[in-house]
Amino acid sequence: MNTTNILVVEDEASIAEVVSLYLKRAGYNVQIASDGKQAMNIFERQMPDFVILDLMLPEVDGLSLTRWLRDRSDVPIIMLTARREEIDRIAGLEMGADDYVVKPFSPQELVSRVRAVMRRLGREQVEAGSERSLSFDNLSIDPLSRVVTVKENPVELTAKEFDMLHLLARHPKQVFTREQLLERVWGGAQYIDPGTVTVHVRRLREKIEDEPSKPVRLLTVWGVGYKFEP
Ligand code: CA
């Protein structure tokens with residue numbers, strides 16, 4: 001739950017493996033998708049914290065995938081490109097990719113770029129085992145002590161309430177569907193009633209909102225899911 005999950009989208013298995021190895025050594029969780037379709041499936045189910053994608057992909061190409069991702073989230077994206085793909089690289093950056101590396105690249109350089117992007121976006125993971133606390137007006141969330149305060153008063157949350165609030169707050173403004181929340185907070189949607197999410201959101205609002213019936217933090221996006229307003 002505390003580790004950054006990175007999705008690597010690359011059809012060349014040897015590159016994907018080396019990249020994955022270096023990222024894992026640097027303390028990240030890594031998943032590999034070997035084409036654009038698979039990447040979309042994984043993204044919808046697991047909402048990775050970071051995406052590294054090759055522009056030359058079978059099924060759905062890297063640019064279309066970048067656009068697809070940007071339509072749905074502000075997940076950081078680094079593109080892997082060939083030197084001759086300059087036009088595509090520029091298009092990718094204009095679509096909102098955060099950075100790129102040109103093949104052939106050193107895996108260590110890619111890791112540094114990932115860190116730099118995370119730092120720039122304020123999402124870097126602090127050293128293993130610790131994690132940055134989050135604070136917003138009148139609300140703070142400390143993942144280490146798992147203490148949440150509202151107007152400086154600690155509030156008691158259950159483990160799942162805490163995990164859900166922390167997940168949403170780490171991705172401000174990003175909409176999560178009920179299924180994604182079940183997957184990320186409960187570790188799987190199969191055996192759990194999706195109504196569970198609704199119940200947890202309601203309880204969280206009672207604990208952290210001034211007026212639970214008119215929430216300003218945990219917002220419902222009708223027909224889609226929920227998001228955190230920072
Ligand atoms: Ca490729």
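# A tour of a two-domain model

Start where the two halves meet: at the interface of domain 1 and domain 2, the rule finds 0 salt bridges. To count as one, a side-chain nitrogen of Lys or Arg has to be within 4 Å of a carboxyl oxygen of Asp or Glu.

Before you click on, know that this is a predicted model: local features need pLDDT of at least 70 and side-chain atom pairs count only at pLDDT 80 or more, while totals for chains, interfaces and linings use all residues. Residues are numbered from 1 along each chain as its sequence is written, and side-chain values use heavy atoms, with hydrogens and water left out.

**Stop 1: the two domains**

Select 5-120 for domain 1 and 134-228 for domain 2; such bounds come from an automatic or database domain assignment. Their centres, taken over C-alpha atoms, are 28 Å apart. Now look at the seam, where 10 residues of domain 1 are in contact (heavy atoms within 4.5 Å) with 8 residues of domain 2. The area buried there is about 730 Å², and carbon and sulfur atoms give 38% of it. Buried area here is the accessible area, taken with a 1.4 Å probe, that two parts lose on being put together, summed over both.

Which residues of domain 1 lose the most area to domain 2? Pick Arg-45, Met-47 and Asp-49: together they make up 59% of what that side buries.

The rule also finds 2 residue pairs in polar contact across this interface, both at pLDDT 80 or more. A polar contact is a pair of N or O atoms within 3.5 Å; within protein, one must be able to donate a hydrogen and the other to accept it, and residues adjacent in sequence count only if both atoms are side-chain atoms. Next, highlight helix H2 (residues 36-46), which supplies 4 residues, the largest share of the side of domain 1 that touches domain 2. Helices (H or I, at least four residues) and strands (E, at least two) are DSSP runs, numbered from the N terminus.

**Stop 2: the calcium ion**

Zoom to the calcium ion, and show Asp-11 (OD), Asp-54 (OD) and Met-56 (O), its protein donors, lying 2.0 to 2.4 Å from it. Donors are N, O and S atoms within 2.8 Å of the metal (3.2 Å for Na, K and Ca); water is not among the atoms, so sites may look incomplete. Along the chain, the donors follow the spacing D-x42-D-x1-M. Asp-11 sits in the loop between strand E1 (5-9) and helix H1 (13-25), and Met-56 in the loop between strand E3 (50-54) and helix H3 (62-72), so the pair ties together parts that are 45 residues apart in sequence.

**Stop 3: backbone oddities**

Most residues other than glycine have a negative phi, and most peptide bonds are trans. Try Lys-103 and Pro-104, joined by a cis peptide bond with omega about -5°. Pro-104 is in the loop between strand E5 (99-103) and helix H5 (107-120). Then jump to Lys-151, a residue other than glycine with a positive phi, near 45°. You'll find Lys-151 in the loop between strand E8 (147-150) and strand E9 (153-155).

**Stop 4: side chains to pick**

Go to Lys-173, in the loop between helix H6 (159-170) and strand E10 (176-177). Leaving out residues up to four places away in sequence, Lys-173 touches Lys-227, Phe-228, Glu-229 and Pro-230. Its side chain makes a polar contact of 2.8 Å with that of Glu-229.

Finish with one of the structure's 12 salt bridges: Asp-163 pairs with Arg-146, the closest N and O atoms being 2.8 Å apart. This pair links distant parts of the chain, with Asp-163 in helix H6 and Arg-146 in the loop between strand E7 (139-142) and E8, 17 residues apart.
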